[in-house]
Amino acid sequence: MDLKRTNPALYLVQRTLFYLLVTAIAAYLLLPFFWAVLTSFRRSSDLGLTPDKFITAPWTLVNYQLVLANPSFQKGLLFSLMVAIGSVAISLLIGSFAAYALGRFRFRGKQMIMYIILAVSVFPQIAVLGGLFTLIRSAGLFNNPAGLILSYLIFTIPFTVWVLTSFVRDVPGELEEAALVDGASPLQTLFLVLFPVMMPALVTTGLLAFINCWNEYLFALTFTSSNRTVPVVIGNYSGATQFDQPWGPIMAASIVVTVPLIILVLVFQRNIVSGLTAGAVKG
């Protein structure tokens, strides 16, 4: 039934309420980000202004100049990039092998392994902080990017295995059977046949894991002293005095580290949608 023809007034009310709801949700989600961007382009002396005067205050790039010229911030960006890329690369490699085994082969205890992976993925970080700190100190990896990569694998590998396993299960078995008939080994089948099909899931899983590693704060704060990642560097920003809060530089630094993630999501949005809808593959 076409409501637009049968009852135009009711159709207009529904459409109006729908757009009002969408506008309210969008404003609720985007207003904090908009205010952070606005603050990053304002001088410290403008932060005490009323909202109407604050919005119309002169724009300035001094906060971004201070942040980008800060050696600690530059070093933090480098360490965050190293740790995030290293964690994601190792997680995707190990997760792909594990997902292939769990999704394609039958063996005793497989279901229990999946339950353990699920339990580990939802385990709170604080619960393993003490034991992991002792392990990293004993291994000589304190204040070392390798120690952070090792600690991040605790939550990136279970997430990667769980997502990729569900995808591997839905890949048509005929592809694998055809490769085996042609003489391909299981490893060749994984790398040459399944990996191209799994690319949307790999991109989605890798990107989500990268975002988690990039924004992680607790482990980075605990397992490093000078080789800090960028979230810890931003958290340690201080003003000229104990009463001065450098909100302008903090917001500018936050925008600088957030924009690359937004760009990545926009670039790979098609792969993300395909990965999130994994399971729609037909043989």
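These exercises work through a predicted model, each with a stepwise solution.

**Exercise 1. Confidence**

Task: State the mean pLDDT of the chain, and find where pLDDT stays under 50.

Solution:
- Step 1. Take the chain as a whole. Its mean pLDDT is 85. Of its residues, 92% reach 70 or more.
- Step 2. Look for the weak stretch. Over residues 279–283, pLDDT stays under 50.
- Step 3. Check what that stretch touches. The model has five contacts for residues 279–283 beyond four places in sequence.
- Step 4. Decide how to read such a stretch. Predicted coordinates should not be read in detail where pLDDT is low.

**Exercise 2. Helix 6 against helix 8**

Task: Describe how helix 6 and helix 8 cross, and list the residues that meet.

Solution:
- Step 1. Locate the pair. Helix 6 covers residues 110–121 and helix 8 covers residues 145–170.
- Step 2. Read the geometry. The two axes come within 8 Å and cross at roughly 135°.
- Step 3. Classify the angle. An angle over 145 degrees would count as roughly antiparallel, and 65 to 115 as roughly perpendicular. The value for this pair falls in neither range, so helix 6 is oblique to helix 8.
- Step 4. Give the hand. Helix 6 and helix 8 make a left-handed crossing.
- Step 5. List the contact. Helix 6 brings Met114, Ile117, Leu118, Val120 and Ser121. Helix 8 brings Ile154, Pro158, Val161, Trp162, Thr165 and Arg169.
- Step 6. Sort by class. The contact of helix 6 with helix 8 has eight nonpolar, two polar and one charged residues.

**Exercise 3. Helix 7 against helix 8**

Task: Give the crossing angle, hand and contact residues of helix 7 and helix 8.

Solution:
- Step 1. Start with the axes. Those of helix 7 and helix 8 come within 11 Å and cross at roughly 145°.
- Step 2. Add the hand. The crossing of helix 7 with helix 8 is right-handed.
- Step 3. Name the residues. Gln125, Leu132 and Ile136 of helix 7 meet Gly147, Ser151, Ile154 and Phe155 of helix 8.
- Step 4. Sort them. Four are nonpolar, three are polar and none is charged.
- Step 5. Look back at helix 8. Ile154 meets helix 7, and Ile154 also meets helix 6.

**Exercise 4. The loop before helix 8**

Task: Place Asn143, and say what stands out about its phi.

Solution:
- Step 1. Place the residue. Asn143 sits in the loop between helix 7 (125–138) and helix 8.
- Step 2. Read phi. For Asn143 the value is near 65°, which is positive in a residue other than glycine.
- Step 3. Set this against the usual case. Most residues other than glycine have a negative phi.
- Step 4. Judge exposure. The cut-off for buried is under 20% relative accessible area. Asn143 has 17%, so Asn143 is buried.

**Exercise 5. Helix 5, its partner and Ser91**

Task: Characterise the crossing of helix 5 with helix 10, then the surroundings of Ser91.

Solution:
- Step 1. Take the axes. Helix 5 and helix 10 (residues 186–215) come within 8 Å and cross at roughly 140°.
- Step 2. Classify. Helix 5 and helix 10 are therefore oblique to each other.
- Step 3. Give the hand and the make-up. The crossing is right-handed. Its contact divides into 19 nonpolar, six polar and one charged residues.
- Step 4. Turn to Ser91, which lies in helix 5 (residues 71–104). Its relative accessibility is 1%, so Ser91 counts as buried.
- Step 5. List its contacts beyond four places in sequence. Ser91 touches Ser96, Leu153, Thr156, Ile157 and Thr160.

**Exercise 6. Two tryptophans**

Task: Are Trp59 and Trp247 buried, partly exposed or exposed, and what do they touch?

Solution:
- Step 1. Place Trp59. Trp59 is in the loop between helix 3 (51–55) and helix 4 (62–68).
- Step 2. Apply the cut-off. Exposed means over 50%. Trp59 has 57% relative accessibility, so Trp59 counts as exposed.
- Step 3. List its contacts beyond four places in sequence. These are Leu38, Phe41 and Arg42.
- Step 4. Place Trp247. Trp247 lies in helix 13 (residues 247–267). Its relative accessible area is 44%, so Trp247 is partly exposed.
- Step 5. List its contacts on the same basis. Trp247 touches Thr39 and Leu47, not counting residues up to four places away.
- Step 6. Span helix 13. Trp247 and Val267 are 20 residues apart in sequence and 30 Å apart in space, C-alpha to C-alpha.

Terms used. Residues numbered from 1 in each chain as written. Predicted model: local features only at pLDDT ≥ 70, side-chain atom pairs only at ≥ 80, totals over all residues. Heavy atoms only, no water. Axes fitted to C-alpha atoms, helices over the stretch in contact; angles between N-to-C directions. Helix = DSSP H or I, 4+ residues; strand = E, 2+ residues; numbered from the N terminus. Parallel < 35°, antiparallel > 145°, perpendicular 65-115°, else oblique. Left-handed = near helix turned anticlockwise from the far one by under 90°. Contact = heavy atoms within 4.5 Å. Nonpolar A, V, L, I, M, F, W, Y, C, P; charged D, E, K, R; others polar. pLDDT = per-residue confidence, 0-100. Buried < 20%, exposed > 50% of the residue type's maximum accessible area, 1.4 Å probe, protein only.
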